[in-house]
Amino acid sequence: FSVVWNRDRGTCQLCGKHLFKGTPFPDWGAPTIDHIVPITKGGLHIYGNVQLTCWHCNHSKHNRFE
């Protein structure tokens, strides 16, 4: 998580909101790891296919490409 957090500078890669590590789930601003190409669509769980997103954006995206 920390490697992706640092790469993405603590910012949601979908909405641009600055995130805080201590924000608890299920708060909409909680930081989450999102698969850019969803696992259900053939994506892999690898560094190049994940991004930092807030829970709201990750939940809204579901398993679509964005």
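**Figure 1. Asn49 in the loop between two strands of this predicted model.** Asn49 lies in the loop that runs between strand S1, residues 31-35, and strand S2, residues 50-54. Is Asn49 buried or exposed? Its relative accessibility is 8%, and Asn49 therefore counts as buried, since buried means under 20% relative accessible area. The side chain of Asn49 reaches the backbone nitrogen of Val37, with a distance of 2.8 Å. When neighbours within four places in sequence are left aside, Asn49 is in contact with Asp34, His35, Ile36, Val37, Gly43 and Leu44, so that Val37 appears both in this list of contacts and as the residue whose backbone nitrogen the Asn49 side chain reaches.

**Figure 2. Val50 in strand S2.** Val50 has its place in strand S2, and because its relative accessibility is 6%, Val50 counts as buried. Which residues does Val50 touch, not counting residues up to four places away in sequence? They are Val4, Arg7, Ile33, Asp34, His35, Ile36 and His45. The view can also be used to compare sequence with space, as the C-alpha atoms of Val50 and Gly22 are separated by 20 Å, while the two residues are 28 residues apart along the chain.

**Figure 3. The antiparallel strands S1 and S2.** Strands S1 and S2 run antiparallel and are joined by 5 bridges. Within this pairing, Pro31 stands opposite Cys54, which belongs to S2. Strand S1 is mostly covered, with 4 of its 5 residues buried.

**Figure 4. Ile39 in the loop between S1 and S2.** Ile39 has its place in the loop between S1 and S2. A relative accessibility of 45% means that Ile39 counts as partly exposed. Apart from residues up to four places away in sequence, Ile39 touches Leu44 and His45. The C-alpha atoms of Ile39 and Phe20 are separated by 26 Å, and these two residues are 19 residues apart along the chain.

**Figure 5. Two backbone features in the loop between H1 and S1.** Most residues other than glycine have a negative phi, and most peptide bonds are trans. With this background, two places in the loop deserve a careful look. Phe25 and Pro26 are joined by a cis peptide bond, with omega at about 10°, and Pro26 is found in the loop between helix H1, residues 2-7, and S1. Arg9 also lies in the loop between H1 and S1, and its phi is near 55°, which is a positive value in a residue other than glycine. Because Arg9 has a relative accessibility of 69%, it counts as exposed.

**Figure 6. Cysteines without a disulfide.** How many disulfides does a search of the whole structure find? The search finds 0 disulfides. For Cys12, the closest cysteine sulfur is that of Cys15, at 3.7 Å, and this is too far for a bond, because a disulfide needs a pair of cysteine sulfur atoms within 2.5 Å. For Cys57, the closest cysteine sulfur is in Cys54, at 3.5 Å, which is again too far for a bond. Cys12 counts as buried because its relative accessibility is 2%, and Cys57 likewise counts as buried, with a relative accessibility of 13%.

**Figure 7. Aromatic pairs, and a charge over a ring.** The count of aromatic pairs comes to 2. In the pair formed by Phe1 and Trp5, the ring centres are 5.9 Å apart and the planes stand at 35°, so the pair is tilted. Phe1 is partly exposed, with a relative accessible area of 46%, whereas Trp5 is buried, with a relative accessible area of 12%. Phe25 and Trp55 form an aromatic pair that is edge-to-face, with 4.9 Å from centre to centre and 75° between the planes. Phe25 lies in the loop between H1 and S1 and Trp55 lies in helix H2, residues 55-61, so this pair ties together parts that are 30 residues apart in sequence. Phe25 is exposed, with a relative accessible area of 56%, while Trp55 counts as partly exposed at 22% relative accessibility. In a further arrangement that involves a ring, the charged end of Arg7 sits over the ring of Tyr47, 4.5 Å from its centre.

Conventions. Residues numbered from 1 in each chain as written. Predicted model: local features only at pLDDT ≥ 70, side-chain atom pairs only at ≥ 80, totals over all residues. Heavy atoms only, no water. Buried < 20%, exposed > 50% of the residue type's maximum accessible area, 1.4 Å probe, protein only. Polar contact = N/O pair within 3.5 Å; in protein donor to acceptor, adjacent residues only side chain to side chain. Contact = heavy atoms within 4.5 Å. Pairing = 2+ DSSP bridges. Phe/Tyr/Trp six-rings, centres within 6.5 Å; stacked < 30°, edge-to-face > 60°. Lys NZ or Arg CZ within 6 Å of the ring centre and 35° of its normal.
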